[in-house]
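Student: I'd like to take a close look at a single part of this model with you. Could you walk me through it?

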Amino acid sequence: MLVKTSFRDQVREFLLNEMKQGHLQEGQTINLAALARKLDVSVTPIREALTQLQQSRIITAIPNRGFIISELSLKEAQDLYELVADLEVLAIENSEFDVASIAQLKTQQLVFKNAETTVARINAKLGFHKLLTQKYGNSLAQHILDDLKIRIFFYEREFMADDLLYSKSDNQHDAIISAIEDDNIPTASLVLKMNWMLILDYIQRQLWEVL
């Protein structure tokens with residue numbers, strides 16, 4: 001049951017958490033009445049939360065069907081990954097990394113290395129990237145990145161079961177940390193961009209086979 005403050009925001013956070021945990025699937029309809037009963041709120045804040053998520057293209061409103069988790073597409077995948085890569089490069093180029101923040105990256109990298117399921121791997125990887133950009137002071141860019149990565153989660157959950165691909169990504173994370181430790185941000189930026197493009201290329205090839 002929700003504490004009766006900021007219903008819309010609480011519903012939004014609940015739905016985002018459900019997505020991160022892999023409990024909602026692309027193409028799945030959101031049952032407003034069932035959700036209202038589960039959270040003990042009226043339908044109104046649920047509609048408001050879904051409308052916010054629709055603006056981020058995480059949710060799609062379908063006439064006579066209601067709200068659904070948006071379907072995957074080649075064009076969206078390209079737009080998503082290229083934009084996230086560019087924003088993250090901008091973020092680390094305008095950040096200062098201290099000993100504590102580097103230690104956080106190393107700790108999160110261990111979480112990523114030890115993740116045993118696809119969902120755990122994805123969340124650990126996204127957690128690594130969140131720490132990587134946390135020093136960037138542009139709050140609007142941070143908000144945009146958070147929304148984009150929720151959408152990215154669906155692509156990676158659908159297509160990222162390849163252990164070899166995660167091994168390559170793992171190596172790139174280590175290279176990013178090493179470059180930051182050496183105060184070599186240009187190299188860190190280059191590897192960061194390569195990291196996202198590696199995943200995009202793999203997902204696009206998978207999408208070509210199913211679409």
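Student: How many residues line the largest pocket, and which of them lie nearest its centre?

Tutor: Happy to, and please keep in mind that this is a predicted model. The lining of the largest pocket is made up of 14 residues, and those nearest the centre are K20, K130, D146, K149 and I150. The space inside the pocket comes to about 300 Å³. Three elements each give two or more residues to this lining, namely α1, α6 (118-133) and α7. Of these, α7 supplies the largest share, with six residues. Sorted by class, the lining holds seven charged residues, four nonpolar ones and three polar ones.

Let's follow α1 from here, as this helix also takes part in the packing around it. Helix α1 runs over residues 7-20. With 14 residues at 1.5 Å a residue, α1 should span 20 Å, and its end C-alpha atoms are indeed 20 Å apart, so the expected and computed spans agree. Just after the helix comes G22, which has a positive phi of about 80°.

Now to the side of α1 that is shielded. Its buried residues are V11, R12, L15, L16, E18 and M19. They cover an arc of only 160° around the axis, and therefore they sit on the same side of α1. The spacing fits a general rule: an α-helix has 3.6 residues a turn, so residues three or four places apart point the same way. As for partners, the buried residues of α1 pack against two strands, β1 (59-62) and β2 (66-69), and against three helices, α2 (32-39), α3 (43-55) and α7 (139-159). Helix α7 thus appears twice in our tour: in the pocket lining and among the packing partners of α1.

One of those partners, α3, deserves a brief stop. Helix α3 contains R47, which counts as partly exposed because its relative accessible area is 45%. Setting aside residues up to four places away in sequence, R47 touches L32 and F67. By contrast with those contacts, the C-alpha atoms of R47 and Y136 are separated by 32 Å, and the two residues are 89 residues apart along the chain.

For a last look elsewhere, try S189 in helix α9 (residues 185-210). Its relative accessibility is 6%, under the 20% cut-off, so S189 counts as buried. Beyond its neighbours within four places in sequence, S189 is in contact with V89, I92 and E93.

Conventions:
Residues numbered from 1 in each chain as written. Predicted model: local features only at pLDDT ≥ 70, side-chain atom pairs only at ≥ 80, totals over all residues. Heavy atoms only, no water. Helix = DSSP H or I, 4+ residues; strand = E, 2+ residues; numbered from the N terminus. Expected span 1.5 Å × (residues − 1). Buried < 20%, exposed > 50% of the residue type's maximum accessible area, 1.4 Å probe, protein only. Arc of directions from axis to C-beta. Contact = heavy atoms within 4.5 Å. 1 Å grid on protein atoms, 1.4 Å probe; cavity = no way out; pocket = protein on both sides within 12 Å on 5 of 7 lines; lining within 4 Å. Points joined across faces, edges and corners; volume = space filled by probe spheres on them. Nonpolar A, V, L, I, M, F, W, Y, C, P; charged D, E, K, R; others polar.
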